[in-house]
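Student: Please take a close look at the empty space inside this model, and at what lines it. After that, go on to the parts of the chain that connect with it or show how residues are covered.

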Amino acid sequence: MKFSWKPIILGFAGLMGLATTLQAEDLVLLTTNDTHSTIDIGPDGVGGILPRKAIIDSVRKAEKNVMLVDAGDIVQGSLYFKYFNGDVEYPLMNMMDYDIRILGNHEFDNGLDELAKYWKDVKGARLSANYDFKGTAAEGIFDPYVIKTVDKKKIGFIGINVDPYSLIIQHHYEGMKYKDAIEVANRTAEMLRKKKKCDLVIAVTHIGYEAIPGKASDVDLARASKDIDIIIGGHSHTYVDPKTPEKTPFWINNAVGKPVLVTQTGKYGRNLGYIKIDLDKISKVNKDGTRNFEYMYIPVTDRFTAEQYDKDIQSFLAPYKHVVDSVNSHVIGWSLQDMPNNDRNGAYANLVSDWALEIGNTIAADLHSKNAEFPAKVDMSFMNIGGIRQPMKEGAVTEGQILSTFPFSNVMEIIRLKGKDIIEALKIAAIKGGEGISGNVTVLTDDNSHLERVIINGEEMDPEKDYIVATIDYIAQGNDDYVTMANNQQLWQSKEEWSRYILDHIHNLSAKGLPISSNPNGRFVKNVSGFINHK
């Protein structure tokens, strides 16, 4: 099936031109996921609430039947959430008139009470089929599904959420019960298809495109389903690009061999997903294994004029933006290099973990001087790359940039635990492609990223030995799938957020006239022993 990309590439003017080719039997789904408090246009001219709203408005003018759908994680990732706790993101989503929304895991970052406070005022359908909120502050706020009728066709939407275990801090969802994502999705889809007579069933999910060890994914759901036609996903920040199906397949056959369209727009609102459904051919499967769903992206960029931006949003945003801009303009340091935040085995992961080890050693030495029983030094650090939310560019580094990069209310911990528990956690880290570990540690893997050995200070890690580790509470509690890290003895916990230690460290560097720099070489490396022995 061939799609026309021309209307999308042309931008605002091109989208308006679509109005002349309208057909009432089409339904357009505009989709977002993992926008993460990205309110402003980025320094590269991409993303931002105002361009997104301009595109949404233009599509709504050009098409008769349009629904706006979000797959979760609208908050956490910039100063707007750190300072205002959702007072910006939730009203803005309402001002854009989203039709369907589901929860992401970061909607829980301030706990269930705060979640309920904001979500009770959310406009449109609020969906969650596999979270049971009975007895909590969020009881009665969410529905498992919603049915929309478009040109006499019934479209069923299901909300499916991620397993919170080892992902969301436990006391932030206390009282909520999780139900298996695939089981609930399939049961609800079957009910919508057979009992409610839906012509199309769409799962809006926040479980991730790729498989996470021990957890469901969109690909798993598509393969296991029988009654789901489209999956609009989130959580893994995957850009399921229709131009490169060999990299991220978007047609995946279900359990009975019928193709399911699986989509996701990446992250930070840099793209708007665009799915056009031919309602007259809603069930037809084409000879090439596709269906009559056009799937593409509209880039969200600053290509619009000031007159095309929503004046109500600009007015609402102005006082919040003033605060954020003032913090973002305060320069505190200087970086010698570009460091992407999504490199799991590179410069930024190394930088943060080396800083954690250095800070941890300073704290340990101070505590040891006051109490000889406290360890005099830290053996290693273990930090999660998921806690680094923004890249660092070469040049000036601002206070706002650091606070946006480390937005979570994590605190630093010094813990004691067995080598075997660290090794088990590093096995998961290796499969993920790396994690933040201090420079005195190297993880050796095979060609399939399976851990073979852990070297610390030039020696193999002893499974039965106790090690002192600097980390953050999120990891120390066994989150981010590192469950064995919870088998620790907590020796010390900070009272201030981890970001405060980062800021202080950068200030100290700058006071000495030192720049920020990091060794980019990976600390998760392939074991060369077999290759050398073979040769």
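Tutor: In this predicted model, the largest cavity is lined by Val352, Met383, Asn384, Gly387, Ile388, Phe406, Phe408, Asn410, Ile472, Trp498 and Ser499. By class, 7 of the lining residues are nonpolar and 4 are polar, with no charged residue. The space enclosed comes to about 90 Å³. Altogether the structure has 4 cavities of 30 Å³ or more. Such spaces come to light when a probe the size of a water molecule is rolled over the atoms.

The second largest cavity has a volume of about 60 Å³. Its lining is made up of Val75, Phe81, Asn85, Tyr90, His106, Glu107, Asn110, Glu114, Leu115 and Tyr118. Here the classes are 5 nonpolar, 3 polar and 2 charged. Helix H6, residues 112–119, gives the largest share of this lining, 3 residues.

One residue of that lining, Asn85, also stands out by its backbone. Asn85 has a positive phi, near 55°, although the residue is not glycine. Most residues other than glycine have a negative phi. Asn85 sits in the loop that joins H4 to helix H5 (89–95). Its relative accessibility is 33%, so Asn85 counts as partly exposed.

Helix H4 (79–84) leads on to an open space, the second largest pocket, to whose lining H4 supplies at least two residues. Helix H9 (311–328), strand S17 (395–398) and helix H11 (399–405) each do likewise. The pocket has a volume of about 990 Å³. It is lined by 33 residues, of which Thr38, Gly42, Pro43, Gln390 and Pro391 are the closest to its centre. The largest share of the lining comes from H9, with 4 residues. The lining divides into 13 nonpolar, 13 polar and 7 charged residues.

Gln337 can be taken next. This residue belongs to the loop between strand S15 (331–335) and helix H10 (347–370). Because its relative accessibility is 17%, Gln337 counts as buried, the cut-off being 20%. Its side chain comes within 2.7 Å of the backbone nitrogen of Ser518. Apart from neighbours within four places in sequence, Gln337 touches Ala347, Met392, Lys393, Glu394, Ser517 and Ser518.

Helix H7 shows how a helix is covered. H7 runs over residues 181–195, 15 in number, and spans 21 Å from first C-alpha to last, close to the 21 Å expected at 1.5 Å a residue. At its N-terminal end the cap is Asp180, with a side-chain oxygen 3.3 Å from the backbone nitrogen of Ile182. The buried residues of H7 are Ala181, Ile182, Val184, Ala185, Asn186, Thr188, Ala189 and Leu192. In an α-helix there are 3.6 residues a turn, so residues three or four places apart point the same way. The cover over the buried residues of H7 includes strands S6 (145–150), S7 (153–161), S8 (177–178) and S9 (200–206), together with helix H8 (218–224). After H7 comes Lys197, with a positive phi near 60°.

Two of the covering strands, S6 and S7, are joined by a loop that holds Lys152. Lys152 is again a residue other than glycine with a positive phi, in this case near 70°. At 79% relative accessibility, Lys152 counts as exposed.

Another of the covering strands, S9, contains Ala203. With a relative accessibility of 0%, Ala203 counts as buried. Leaving out neighbours within four places in sequence, its contacts are Ile158, Leu221, Ile228, Ile230, Ile231 and Ile232. The C-alpha of Ala203 is 47 Å from that of Ser529, which lies 326 residues away along the chain.

Ile231 and Ile232 are also among the contacts of Thr263. Thr263 is part of strand S12, residues 259–263. Its relative accessibility is 2%, and Thr263 therefore counts as buried. Beyond neighbours within four places in sequence, the other residues in contact with Thr263 are Gly233, Val240, Ile275 and Tyr295. Between the C-alpha atoms of Thr263 and Tyr274, 11 residues apart along the chain, the separation is 9.7 Å.

Terms used. Residues numbered from 1 in each chain as written. Predicted model: local features only at pLDDT ≥ 70, side-chain atom pairs only at ≥ 80, totals over all residues. Heavy atoms only, no water. 1 Å grid on protein atoms, 1.4 Å probe; cavity = no way out; pocket = protein on both sides within 12 Å on 5 of 7 lines; lining within 4 Å. Points joined across faces, edges and corners; volume = space filled by probe spheres on them. Nonpolar A, V, L, I, M, F, W, Y, C, P; charged D, E, K, R; others polar. Expected span 1.5 Å × (residues − 1). Buried < 20%, exposed > 50% of the residue type's maximum accessible area, 1.4 Å probe, protein only. Contact = heavy atoms within 4.5 Å. Polar contact = N/O pair within 3.5 Å; in protein donor to acceptor, adjacent residues only side chain to side chain.
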